[in-house]
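Reader: I am new to reading protein structures. Could you walk me through this one with me asking the questions?

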Amino acid sequence: MEYNPKFGPGAQTPSQRRTVLMRLQDAIPSLRTKATPYAKQLYSRYVAGELSWPEVRQALNVQL
């Protein structure tokens, strides 16, 4: 696995990013309960490694 500076050291693989997302949703329940289909799509892209978490948040802020 090649290091990608876009993700922190604890979120390099899809499995690790999924765990990070789950922990964020546990800490901030509205990320799960108020997630629109668009937000869920962004979350999937984060887990796939297409977006960093700051990019997800920026896209969600632009949507609002």
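Author: Happily; the questions and answers below go through this predicted model.

Reader: Which residues of helix α4 are buried?

Author: Let's begin with the helix itself, which runs over residues 53-63. A residue counts as buried when its relative accessible area is under 20%. In α4, the buried ones are Trp53, Val56, Ala59 and Leu60.

Reader: Why are these buried residues on the same side of α4?

Author: Think of looking down the helix axis and marking where each buried residue points. The buried residues are on the same side of α4 because they cover an arc of only 125 degrees around the axis.

Reader: Which exposed residues are on the face of α4 turned away from its buried side?

Author: To be called exposed, a residue needs over 50% relative accessible area. The face of α4 that is turned away from the buried side carries Pro54, Gln58 and Val62.

Reader: Which helices do the buried residues of α4 pack against?

Author: Here we follow the buried side, with residues such as Val56 and Leu60 among them. Their packing partners are α1 (14-27), α2 (30-33) and α3 (37-48).

Reader: Trp53 is one of those buried residues. What type of aromatic pair do Tyr46 and Trp53 form?

Author: There are two aromatic pairs in the structure. In the pair of Tyr46 and Trp53, the ring centres are 5.5 Å apart, with 75 degrees between the planes. Planes over 60 degrees apart count as edge-to-face, so this pair is edge-to-face.

Reader: Are Tyr46 and Trp53 buried or exposed?

Author: Let's hold both against the cut-off for buried, which is under 20%. Tyr46 has 3% relative accessibility and Trp53 has 17%. Tyr46 is therefore buried, and Trp53 is likewise buried.

Reader: Which residues form the aromatic cluster?

Author: We have already met Tyr46 and Trp53 as a pair. One aromatic cluster takes in both of them and a further tyrosine; its members are Tyr43, Tyr46 and Trp53.

Reader: Where does Ser52 lie, and which residues is it in contact with, leaving aside its neighbours within four places in sequence?

Author: Ser52 sits in the loop between α3 and α4. With a relative accessibility of 6%, Ser52 counts as buried. Setting aside its neighbours within four places in sequence, Ser52 is in contact with Lys6, Phe7 and Tyr46.

Reader: How many salt bridges are there in the whole structure?

Author: One joins the side chains of Asp26 and Arg32, at 3.3 Å from N to O. Another joins Glu50 and Arg45, at 2.9 Å from N to O. Searching the whole structure gives a total of two.

Reader: Is Asp26 buried or exposed?

Author: Its salt-bridge partner, Arg32, is partly exposed, at 42% relative accessible area. Asp26 has 55% relative accessibility, and the cut-off is over 50%, so Asp26 counts as exposed.

Reader: Which element gives the most to the lining of the largest pocket?

Author: The largest pocket holds about 200 Å³ of space and is lined by 13 residues. Among the lining residues, Lys34, Ala39, Tyr43, Arg57 and Leu60 lie nearest its centre. Two or more lining residues come from each of α2, α3 and α4. With four residues, the element that gives the most is α4.

Reader: What distance separates the C-alpha atoms of Gln63 and Tyr38?

Author: Gln63 belongs to helix α4 and is partly exposed, at 41% relative accessible area. Leaving aside its neighbours within four places in sequence, Gln63 is in contact with Thr36 and Tyr38. Gln63 and Tyr38 are 25 residues apart along the chain, and their C-alpha atoms are separated by 9.1 Å.

Conventions:
Residues numbered from 1 in each chain as written. Predicted model: local features only at pLDDT ≥ 70, side-chain atom pairs only at ≥ 80, totals over all residues. Heavy atoms only, no water. Buried < 20%, exposed > 50% of the residue type's maximum accessible area, 1.4 Å probe, protein only. Arc of directions from axis to C-beta. Contact = heavy atoms within 4.5 Å. Salt bridge = Lys/Arg side-chain N within 4 Å of Asp/Glu carboxyl O. Phe/Tyr/Trp six-rings, centres within 6.5 Å; stacked < 30°, edge-to-face > 60°. 1 Å grid on protein atoms, 1.4 Å probe; cavity = no way out; pocket = protein on both sides within 12 Å on 5 of 7 lines; lining within 4 Å. Points joined across faces, edges and corners; volume = space filled by probe spheres on them.
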